[in-house]
Amino acid sequence: MRIAIAGATGNIGALTATVLEQDGHDVVRISRSLGVDLSTGAGLDDALVGVEAVVDATNAPAADEAATVAYFRTTTGNLLAAEERAGVRHHVLLSIAGVDRIEGNAHYAGKREQERLVAAGPVPWTTVPAAQFHDFAAMVASWTEQDGVATIAPLLVQPIAPSDVADILAEIAVGEPQGRYVDVVGPEPQDLVDMARRTHEARGRVVKLVPTWSGAFGPSMAGNVLLAVDGARIAPTTFDEWLAEQR
Ligand SMILES: NC(=O)c1ccc[n+]([C@@H]2O[C@H](COP(=O)([O-])OP(=O)(O)OC[C@H]3O[C@@H](n4cnc5c(N)ncnc54)[C@H](OP(=O)(O)O)[C@@H]3O)[C@@H](O)[C@H]2O)c1
């Protein structure tokens with residue numbers, strides 16, 4: 001099967017492309033650095049010739065809510081329109097578990113807009129809401145790290161291994177459209193500050209962490225709101241197993 005991955009040079013997109021190729025599929029890689037831009041549509045029609053399914057694992061630059069919503073509206077609109085022209089039969093969107101439960105986060109507002117466009121769009125679809133990835137804590141700390149100090153919110157999350165997300169996206173992409181899939185989460189709850197500390201330690205980095213609710217994530221994300229809900233699909237790889245690969 002010929003499958004395009006939008007965001008194929010990114011964290012999840014690259015892993016998904018590899019899984020699908022190992023399974024014998026013909027993978028088309030899409031990203032700006034590979035000459036295809038969802039913001040303008042440049043290169044999209046050529047990339048989608050003969051493609052049956054598209055996995056959207058792109059990301060948006062950090063920005064305020066209005067700019068993030070506008071970015072996802074434009075990129076998703078261009079991608080869906082090109083898929084319709086090409087006769088693509090299945091659009092698979094990587095989203096975030098809990099986006100509809102949490103207000104006040106610009107990225108989440110953008111993902112809600114992306115999900116809305118996909119559900120209302122012309123191509124049969126599956127949206128896959130994933131929990132935070134195992135590398136999320138170190139990424140969040142890196143946003144503010146300066147002179148060996150970083151801030152981070154003490155979120156409770158149920159993180160999932162990037163490789164498990166890629167396996168699930170690959171499985172879904174070759175199947176029939178399913179609408180909004182169940183949340184996909186990892187096997188255990190974790191505290192984001194502890195995850196960041198342990199990731200830094202495993203990678204041999206010394207970073208002082210300052211817990212706060214005044215940074216990128218506010219009190220609307222406190223409590224159990226990011227943990228698994230009933231019916232979620234639990235992926236197998238624990239944070240400790242992933243951490244062992246970081247050493
Ligand atoms: N991090 C988490 O814990 C988490 C959890 C659940 C869901 N998610 C979602 O997962 C998605 C993917 O995250 P990720 O961390 O794998 O992303 P990432 O590593 O930042 O990769 C983003 C990819 O998108 C491409 N891209 C960005 N803008 C593009 C454009 N205009 N046209 C074409 N390609 C474009 C990038 O390549 P170029 O720069 O070359 O264009 C890159 O290949 C995000 O939408 C995020 O909301 C993340």
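How many nonpolar, polar and charged residues does the shell around the ligand have? This is a predicted model. In it, the shell has 13 nonpolar, 12 polar and three charged residues.

**The ligand site**

The ligand has 28 residues around it. Those that come nearest are Thr9, Arg32, Thr58, His107 and Lys111. Polar backbone atoms of three residues also lie by oxygen atoms of the ligand, as tabulated here.

| Residue | Backbone atom to ligand oxygen |
|---|---|
| Gly7 | 3.2 Å |
| Gly10 | 2.9 Å |
| Ile12 | 3.0 Å |

On its own, the ligand has 920 Å² of accessible area, and the protein covers 87% of that. Four elements give two or more residues to the shell: helix H1 (11-22), strand S4 (90-96), helix H4 (106-120) and helix H5 (136-144). The largest share comes from S4, with three residues.

**Thr126**

Strand S5 (residues 125-130) contains Thr126. Is Thr126 buried or exposed? Thr126 is buried, because its relative accessible area is 0%, and the cut-off for buried is under 20%. The side chain of Thr126 makes a polar contact of 2.7 Å with the side chain of His90. Setting aside residues up to four places away in sequence, Thr126 touches His90, His91, Val92 and Leu93. On the same terms, its contacts also include Ile172, Glu176, Pro177, Gln178, Gly179 and Tyr181.

**The cores**

In soluble globular proteins, nonpolar side chains tend to be buried together. Here the largest nonpolar core has 30 residues. Ile5, Leu94, Val128, Ile160 and Leu169 touch the most other members. At least two residues of this core come from each of strand S1 (2-6), H1, strand S3 (53-56), S4, S5, helix H6 (162-173) and strand S9 (184-185). H6 provides the largest share, seven residues.

What is Ile160 in contact with, leaving aside its neighbours within four places in sequence? Its partners are Ala131, Gln132, Phe133, His134, Val165, Ile168, Val184, Val185, Gly186 and Ala235.

Another core, of 27 residues, lies apart from the largest nonpolar core. Among its residues are Ala196, Val207, Leu209 and Phe217.

**Helix H5**

H5 gives two or more residues to the ligand shell. Its buried residues are Phe136, Ala137, Ala138, Val140 and Ala141. These pack against strand S6 (149-152), helix H7 (192-202) and strand S11 (208-211).

Notes
Residues are numbered from 1 along each chain as its sequence is written. This is a predicted model: local features need pLDDT of at least 70, side-chain atom pairs count only at pLDDT 80 or more; totals for chains, interfaces and linings use all residues. Side-chain values use heavy atoms; hydrogens and water are left out. A residue is near a molecule or strand if one of its heavy atoms lies within 4 Å of it. A polar contact is a pair of N or O atoms within 3.5 Å; within protein, one must be able to donate a hydrogen and the other to accept it, and residues adjacent in sequence count only if both atoms are side-chain atoms. Accessible areas come from the Shrake-Rupley method with a 1.4 Å probe; for residues, only the protein chains shown count as cover. Ala, Val, Leu, Ile, Met, Phe, Trp, Tyr, Cys and Pro count as nonpolar, Asp, Glu, Lys and Arg as charged, and the others, Gly among them, as polar. Buried means under 20% relative accessible area, exposed over 50%, partly exposed in between (1.4 Å probe, protein chains only). Contact means heavy atoms within 4.5 Å. A nonpolar core is a set of buried Ala, Val, Leu, Ile, Met, Phe, Trp, Tyr and Cys residues joined through side-chain atoms within 4.5 Å.
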